[in-house]
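Me: Please take a close look at one part of this model, the salt-bridge network. Then set it in the context of the rest of the chain.

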Amino acid sequence: MAKPTYHILMCQSFRAKGEPKGVCHKKTDGLAQYIEEEVLDRGLDALLTTTGCLKQCDDGPVIVIHPNNLWYGNVDSEEAVDAILDALEEGGVAEEYALD
């Protein structure tokens, strides 16, 4: 299997002892499945991985897209995911969610 063009990391807040501490896991219920479905529906060459804490709790929920090194915050709805994936397809950045 070839490496995907994009790797989408989705924070799920879990830390070393397995305890959820941040906000990401609380505000992203069902979004991982939605992202997976959208990636397939759009034909994006992307792999989604849920992660431990990305240490960006003040801006959570957080999604990171590599190799672009795009960090997005406050991704807590299907609308936010759509805006981010639309921008990815267009080769741009979803500025309203972009983190500096």
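Reply: What follows starts with the overall chain and then turns to the network, the cavity, the cysteines and the unusual backbone sites.

This is a predicted model, in which local features need pLDDT of at least 70, side-chain atom pairs count only at pLDDT 80 or more, and totals for chains, interfaces and linings use all residues. Residues are numbered from 1 along each chain as its sequence is written, and side-chain values use heavy atoms, with hydrogens and water left out.

First, the frame. The chain has three helices and four strands. Their order from the N terminus is β-α-α-β-β-β-α. Helices (H or I, at least four residues) and strands (E, at least two) are DSSP runs, numbered from the N terminus. Of the 100 residues in the chain, 42% are buried. Buried means under 20% relative accessible area, exposed over 50%, and partly exposed in between, with a 1.4 Å probe and protein chains only. Among contacts with a separation of 6 or more, 60% are between residues 24 or more positions apart. A contact means heavy atoms within 4.5 Å.

Now the network. The count comes to four salt bridges. A salt bridge here is a side-chain nitrogen of Lys or Arg within 4 Å of a carboxyl oxygen of Asp or Glu. Side chains of opposite charge can pair when their charged atoms come close. Glu-38, Arg-42, Asp-82, Asp-86 and Glu-89 are linked in a network of these bridges.

Take Arg-42 and its partners in turn. Glu-38 pairs with Arg-42, with the closest N and O atoms 2.9 Å apart. Both sit in helix H2 (residues 31-42), four residues apart, which means about one helical turn separates them. Glu-38 is buried, at 14% relative accessibility.

Asp-82 also bridges to Arg-42, its closest N and O atoms being 3.5 Å apart. This pair links distant parts of the chain: Asp-82 is in helix H3 and Arg-42 in helix H2, 40 residues apart.

Glu-89 meets Arg-42 as well, at 2.7 Å from N to O. Glu-89 lies in helix H3 and Arg-42 in helix H2, so this bridge ties together parts that are 47 residues apart in sequence. Glu-89 is partly exposed, at 42% relative accessibility.

Helix H3 has a second role, at the cavity. A search of the whole structure finds one cavity of 30 Å³ or more. The largest cavity has a volume of about 40 Å³. On a 1 Å grid over the protein atoms alone, a cavity is a set of points where a 1.4 Å probe fits but cannot get out, and lining residues have an atom within 4 Å of a point. Grid points are joined across faces, edges and corners, and the volume is the space filled by probe spheres set on the points. Its lining consists of Ile-8, Ile-35, Ile-63, Ile-65, Val-81, Ile-84 and Leu-85. Strand S3 (63-66) and helix H3 (78-90) each give two or more residues to that lining. H3 gives the most, with three residues. By class, the lining has seven nonpolar, no polar and no charged residues. Nonpolar covers Ala, Val, Leu, Ile, Met, Phe, Trp, Tyr, Cys and Pro; charged covers Asp, Glu, Lys and Arg; the others, Gly among them, are polar.

Next, the cysteines. The structure holds zero disulfides. A disulfide is a pair of cysteine sulfur atoms within 2.5 Å. The sulfur of Cys-53 is 4.2 Å from the closest cysteine sulfur, in Cys-57, and so is too far for a bond. Cys-53 is buried, with a relative accessible area of 13%. Cys-57 is partly exposed, at 30%.

Last, the backbone. Most residues other than glycine have a negative phi, and most peptide bonds are trans. A cis peptide bond joins Gly-60 and Pro-61, with omega about 0°. Pro-61 is in the loop between strand S2 (46-52) and S3. Another cis bond joins His-66 and Pro-67, with omega about 15°. Pro-67 is in the loop between S3 and strand S4 (70-72).

Two non-glycine residues with positive phi also sit in these loops. Lys-55 has a phi of about 60° and lies in the loop between S2 and S3. Lys-55 is exposed, at 62% relative accessibility. Asn-69 has a phi near 55° and lies in the loop between S3 and S4. Asn-69 is partly exposed, at 48%.

Terms used:
1 Å grid on protein atoms, 1.4 Å probe; cavity = no way out; pocket = protein on both sides within 12 Å on 5 of 7 lines; lining within 4 Å.
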